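Student: I have this structure open on my screen and would like a close look at just one part of it. Could you pick out the ligand site and walk me through what goes with it?

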Amino acid sequence: MKNPRPFLEQRRERRGLLRAGLAAAAASSGLAGCDALSSNETAVAVLRSAERLSYGAQRALGRRAMAQEFSPADIAPVFRPNGTTMPLGDGYAAMLANGFADWRLTIDGLVAKPLELSLAQLQAMPTRTQVTRHDCVEGWSCIGQWKGVRLSHVLNLAQLKPGAKYVVFHCLDQMEEDDERSLYYGSVDLDDAFHEQTLLAWELNGKPLPVENGAPLRARIERQLGYKQPKYLRRVQVVAGFGDIGAGKGGYWEDRGYNWYGGI
Ligand SMILES: Nc1nc2c(c(=O)[nH]1)N[C@H]1C(S)=C(S)[C@@H](COP(=O)(O)O)O[C@H]1N2
Ligand SMILES: [Mo]
């Protein structure tokens, strides 16, 4: 007689997928404006539980899928900026004044070969150009063309150590005027970090990245929402967990109630 187990397992799996798919739909339709969200504790709790299921659903359905790419004709004349548009403090202004010649990107954490890269060194690496749509949870979208190096290329140069699970992006901009520790940061898992369309980008619409969009370098993680696109990068840290960074939720907005998983 045939073993009945595979059939039962298949059924269980299908049921799980359906449940996860419904939760994913709920998560993507229930997102509210950036500023209103953290003040509503109930909304945050609902989003948290939906997040776990939507992450599971996307993983099950394959996270390697590409984000849609558009044609140059679709590019918006101005890429709408949001969040920080000019980092506070003299440090950034000084770097900007000399064309970011003194700026460096640090790659460290769980890597065999930590790196300090200048903009020129990054720009000498193999590049990718893509026209994609940015979706902000505040309810607007914008299509732009990005050019940069794949994050996977840089991570492969640095050589991940065993135990590496997430990549944390540390930014130069302080979010609150009176708090020097309120620097923007964010994180993704290795699926997103090594995704074909995940870039460290220094060019927008064929020109050097404007200050308001994150000069000199920002991340593009095309399967994620706007707040998961860190601007003004200074450090890429490979970690096993992010519990001891910031308030422990994996990002500036995540520490204030947003989902860690902002997949679209
Ligand atoms: N360093 C930093 N990165 C950031 C932000 C920010 O305030 N600081 N805002 C985020 C949000 S909410 C969005 S929608 C996008 C906006 O990118 P843009 O200014 O290029 O439109 O950047 C994201 N990355
Ligand atoms: Mo956003």
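Tutor: Here is a walk from the whole chain to the ligand, then along a strand, with a couple of side stops at the end.

Keep in mind that this is a predicted model. The chain has 264 residues, and 47% of them are buried. Its secondary structure comes to 7 helices and 10 strands. Look at contacts between residues with a separation of 6 or more, and 70% of them join residues 24 or more positions apart. As for the outside, the accessible surface comes to about 13,300 Å², with 53% of that belonging to carbon and sulfur atoms.

Now to ligand 1. There are 22 residues around it, and the closest are Arg80, Asn82, Asp173, Arg218 and Lys231. Zoom in on Asp173 to begin with: a polar atom of its side chain lies 2.7 Å from a nitrogen atom of the ligand. Arg218 deals with an oxygen instead, as an N or O atom in its side chain is 2.6 Å from an oxygen atom of ligand 1. The backbone joins in too, with a polar backbone atom of Glu212 sitting 3.5 Å from an oxygen atom of the ligand. How much of ligand 1 does the protein cover? On its own the ligand has 530 Å² of accessible area, and the protein covers 99% of it.

Asp173 also takes us to the strand worth following, since residues 166-176 make up strand E5. Of the 11 residues in E5, 8 are buried, so the rest of the structure largely encloses this strand. E5 has strand E6 (residues 179-189) as one partner, running antiparallel to it and joined by 7 bridges. These two form a hairpin, with 2 residues between them. E6 is largely enclosed by the rest of the structure as well, because 8 of its 11 residues are buried.

E5 has another pairing, with strand E10 (residues 233-239), again in the antiparallel sense and over 6 bridges. Val168 is a handy spot to see both pairings on screen. Ser187 in E6 stands opposite Val168, while in E10 the bridge partner of Val168 is Gln237.

Since you work at the bench, you may wonder about the cysteines. How many disulfides does a search of the whole structure find? The count is 0. Cys136 has a relative accessibility of 10%, so it counts as buried, the limit being under 20%. Cys142 counts as buried too, because its relative accessibility is 7%.

One last stop, for a change of scene: helix H6 (residues 151-158), where you'll find Leu157. Its relative accessible area is 37%, so Leu157 is partly exposed. Beyond its neighbours within four places in sequence, Leu157 is in contact with Lys113, Leu115 and Met125. Check Pro114 while you're there: 43 residues separate Pro114 and Leu157 in sequence, yet their C-alpha atoms are 9.0 Å apart in space.

To tie the ligand part together, the thread to remember is Asp173, with its side chain 2.7 Å from a ligand nitrogen, and E5, which pairs with E6 and with E10.

Key:
Residues are numbered from 1 along each chain as its sequence is written. Chains are lettered from A and ligands numbered from 1 in the order in which they are written. This is a predicted model: local features need pLDDT of at least 70, side-chain atom pairs count only at pLDDT 80 or more; totals for chains, interfaces and linings use all residues. Side-chain values use heavy atoms; hydrogens and water are left out. Helices (H or I, at least four residues) and strands (E, at least two) are DSSP runs, numbered from the N terminus. Buried means under 20% relative accessible area, exposed over 50%, partly exposed in between (1.4 Å probe, protein chains only). Contact means heavy atoms within 4.5 Å. Accessible areas come from the Shrake-Rupley method with a 1.4 Å probe; for residues, only the protein chains shown count as cover. A disulfide is a pair of cysteine sulfur atoms within 2.5 Å. A residue is near a molecule or strand if one of its heavy atoms lies within 4 Å of it. A polar contact is a pair of N or O atoms within 3.5 Å; within protein, one must be able to donate a hydrogen and the other to accept it, and residues adjacent in sequence count only if both atoms are side-chain atoms. Two strands pair if DSSP finds at least two bridges between them.
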